[in-house]
Amino acid sequence: MSYHVGLNKNDFVKDAEAKLNSALDLSLLIHLVRKFKWLFIGLFIVSGSLAFLYLRYSQPVYESRVLLQINDNKTDQVLRLEGIGESENILAEAIEQIHSKVFLKRIVEKLDLSLTYFSEGTFKNFELYLSSPFLAQVNLKDPALKGQKIYVELNEQLSGGVIKYGTTSKKFKTNEWLRTAEFDINIFLNSKLSTEIIKKTIANNKALYMLIRDVDAVTAELQGKLEVKVVNELAKTILIKVKDINPQKVTDVVNNLSIEFLSYDVERKSESSLNILSFIDKQLGLVYDDLRDTEKDLKVFKQDKNIENNSQKINSDILRASSIEEQLLKVEMEEKIIDEVQANINKNKNIDIYNLISIISGTDYENMVKDVIQSIQKLLSAKEDLLYMVTPNSENIKQINYQLEIQKKLLLESLDAVKLRYKTKYKSLLEKSSDYKNKLGSSPEDDVELSRLNRLYTINEKYYTMLLEKKTEFSISKAGYVTKNIILEKAIGVGGKVFPSSRDTVIITFILTVLIIFIILIIVYFSHNKIYAIHDVMKFANQGVSLIGVVPKYESQIPVSQLIVDKNPKSIISEAFRTIRTNLSFIDNTPGSKLISISSTISGEGKTFIAINIAGIFAFTGKKVVLIDLDMRKPKIHKGFGVKNDVGMSNLLTGEYKIEDCFNDSSLENLKFITAGPTPPNPSELILSDALNKVIIELQKQFDYVVIDNAPVGLVTDGIETLRKSDYPIYVLRAEYSDKHFIQNLVRLKTENQITRITAVLNDVDMSRKHYGYNYGYTYGYGYGTGYYTDDAESKKKKKKRN
């Protein structure tokens, strides 16, 4: 009967399920940790090395930050129109403004960030920024050079060098323009660095190069590195953070961001005053020309008509007429302003509220349209705020545009009403003027011309004076725009390193390594299908499995199975075989010769080693013992004793030799052995023949104990018959070598083959472990590792320590 050995899938699954359902085997876990300790140490070394390389060659990133307080910019308005330029959410407006590409482009151009300088390394490059030994002014002609490395090599005298890009190489002199088809460039030494530092920087770097990048691309990159967030909404504080690979650069960028924001805020807030002043300046030039021409015409007319020499004609009627003329002129001027305003409103879809304010300010009807203008101003302000968040085609914007159209119509209607009043007033004044002129004795034509010239002069003079007054007022208003935003905390020194973090890298590396080790342990633990300790065997005690002994791991390496119980009788391993000998006596203590048959599941479990030393331990008691090798396919007895395998059991069973001719003497007086002999073509037939029975009977007549080393019964069936016939059938299992389901072979031999006396020996157990499951209900009254029994190698080590 044969048995299948090796890893059985069902057995493995059952064993894994059993482990899941049972408590954690701490001793096995400790054993696995010790077994794979060098692997785990190697994992820590590898992960530590990878972490070091990661920290060493990763591009570091630095961060600087600035804290700003955003306040309302409320200045005294000249026209006292409330709400002009105010924002409902100044924090959101400030954040969007700082994040905008229009604003960030100012920073890029101010710091010239589109031209960068680098030191080329083996694994990574370093941005030199202000520490570059040279700087450059570039007028780029060929856009293809954007983003391309332009190498600069300075000579020893620092008077010039070579510039290389692509396959092109050009010589240059410092502080002189080099003009090529691709660009015009002027390279000069960094004035902030000494000559010694410049030479040292050149010597310490593999290569130096610069990059010319597109301004918009650099702006977009800066936008991605920028973070703006609200710190305290009640205090109206925002935090500006910038990240970059150069620590000094990131500090300069974030500080310039805050400073430029203050300047940009003042520019934006004073933009309305600038527009109004620009309009006033244009009007002043036009009105001044008209005033000068009118004054010249009036002077010439008076000289021609000798008006100044005939002052006696000027009487009270003329004065009254002049007063009426002045009123007429004022009405005409007001009507002219209304016509201009209406034309401006009808011509332009979008109302320029600031021009409108400048035009109507100071007029008699200013208060009549003030409410409408304020409403328009508030709607325009709300529209500007919404455009930060929504598109021009959104419903909110459309609704505001609709309201603006309504207010625009109201404004035009109000102006029409005012204009109608002025026309009525003008008609009445014109009638009075005509009455006074009829009373005057002068020529009507001269009076009309003089009145016209005086009227034009007065209009231009008053208009010019009003514009001068408004220019003064709006100049004062512009000067009043001082930002109330405050830089609470500037970036000092260089930026702090935020990536890669040494602390985080070490922690993550450690956690990942421990996690990998844990996963490996879990996989190995649940896939561990080897017999580990005594309790793995004793689990089958209820199925009739008896363990008669445990053979500890031998400290020294044994090349072949040898007799070692005679080398150091006081060793732990010798005592183990004495225990096996004692336990065998409990199985059968009847008088007479005993047959001991030893086998295992597969080769390598130590059955030959056990057979040799069991034979030796019985020989120590003065008993006559013979050891025979029936593993004819893979014999080892002759190797253990160091003899040839020319004559043995194969010759004996075929009748070629007699028993006396096959004996070999060992180092023990009472121990003889018979080797397997030459390998026959039919070992199974020889072993199962009657010849073997006759040989065993003959040997039992001469010896007290006959020990048989059988072939592994898990591979071949040769040894099953001898196991059945033996007084002491022994099945060898090896710790950390034999699969757990090998014990099932032992159970089947006992139940199916009726080998009821079969017992087990666990070989090669590591006794250095504190917990090796050495508790079973057999007559084994003490444990190993007490210090009384020692191996030779261990004894030698202790002697060396003492010396």
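Here is a walk through this predicted model, from its sheet to its helices, salt bridges and surface. Residue numbers start from 1 along each chain as its sequence is written, and side-chain values use heavy atoms, with hydrogens and water left out. Since we're looking at a prediction, local features need pLDDT of at least 70 and side-chain atom pairs count only at pLDDT 80 or more, while totals for chains, interfaces and linings use all residues.

Let's start with the sheet. Six strands make up an open sheet, ordered β3-β2-β10-β5-β6-β7, and the pairing is antiparallel. Strands here are DSSP runs of E with at least two residues, helices are runs of H or I with at least four, and both are numbered from the N terminus. Two strands pair if DSSP finds at least two bridges between them. At the edges sit β3 (126-127) and β7 (168-173), each of which pairs on one side only. As background, strands of a sheet pair through backbone hydrogen bonds, either parallel or antiparallel.

Now zoom in on β5 (residues 149-154). Three bridges join β5 to β10 (residues 207-212), running antiparallel, and four join β5 to β6 (residues 160-165), also antiparallel. Y151 is a handy residue to follow: its bridge partner in β10 is Y209, and in β6 its bridge partner is K164. E153, for its part, stands opposite V162 in β6. The hairpin of β5 and β6 has five residues between the strands, and there L158 takes a positive phi near 60 degrees.

The side chains of β5 alternate: I150, V152 and L154 point to one face and are buried, whereas K149, Y151 and E153 point to the other and are not. For the cut-offs, buried means under 20% relative accessible area, exposed means over 50%, and partly exposed is in between (1.4 Å probe, protein chains only).

Helices can have faces too. Take α3 (residues 37-57): this helix has 21 residues and reaches 30 Å from its first C-alpha to its last, close to the 30 Å expected at 1.5 Å a residue. The expected span is 1.5 Å times one less than the number of residues. In α3, F40, S47 and A51 are buried. Seen down the axis of α3, the buried residues fall within an arc of 40 degrees, so they line one face of the helix; the arc is that of the directions from the helix axis to the C-beta atoms. On the other side of α3, W38, I45 and F52 are exposed. The general geometry helps here: an α-helix has 3.6 residues a turn, so residues three or four places apart point the same way.

Next, the charged pairs. A salt bridge is a side-chain nitrogen of Lys or Arg within 4 Å of a carboxyl oxygen of Asp or Glu, and by this rule the count comes to 30. One of them joins the side chains of D216 and K105 (3.5 Å, N to O). D216 lies in α7 (residues 215-225) and K105 in α5 (residues 101-111), so the pair ties together parts that are 111 residues apart in sequence. D216 is partly exposed at 46% relative accessible area, and K105 is partly exposed at 31%.

Helix α5 also takes part in another salt bridge, between E260 and K110 (3.4 Å, N to O). E260 lies in α8 (residues 247-269) and K110 in α5, so this pair ties together parts 150 residues apart in sequence. Here E260 counts as buried at 10% relative accessibility, whereas K110 counts as partly exposed at 46%.

Further along, K607 and D631 meet in a salt bridge (3.1 Å, N to O). K607 lies in α18 (residues 607-619) and D631 in the loop between β17 (625-629) and α19 (637-641), so the pair ties together parts 24 residues apart in sequence. K607 and D631 are both buried. There is also a network of salt bridges linking E127, R213, E221, K225, D244 and K249.

Two last stops are on helices. M466 sits in α14 (residues 444-479) and counts as buried at 16% relative accessibility. Its C-alpha atom is 9.7 Å from that of L284, though M466 and L284 are 182 residues apart along the chain.

Finally, I508, L512, L515, F518, I519, I522 and I523 form a nonpolar surface patch with about 630 Å² of accessible area together. Patches are made of residues with over 30% relative accessible area and no salt bridge, joining like charges within 9 Å and nonpolar side chains (Val, Leu, Ile, Met, Phe, Trp, Tyr) within 5 Å. The areas come from the Shrake-Rupley method with a 1.4 Å probe, and for residues only the protein chains shown count as cover. Within this patch, L515 lies in α15 (residues 502-527) and is partly exposed, with a relative accessible area of 43%.
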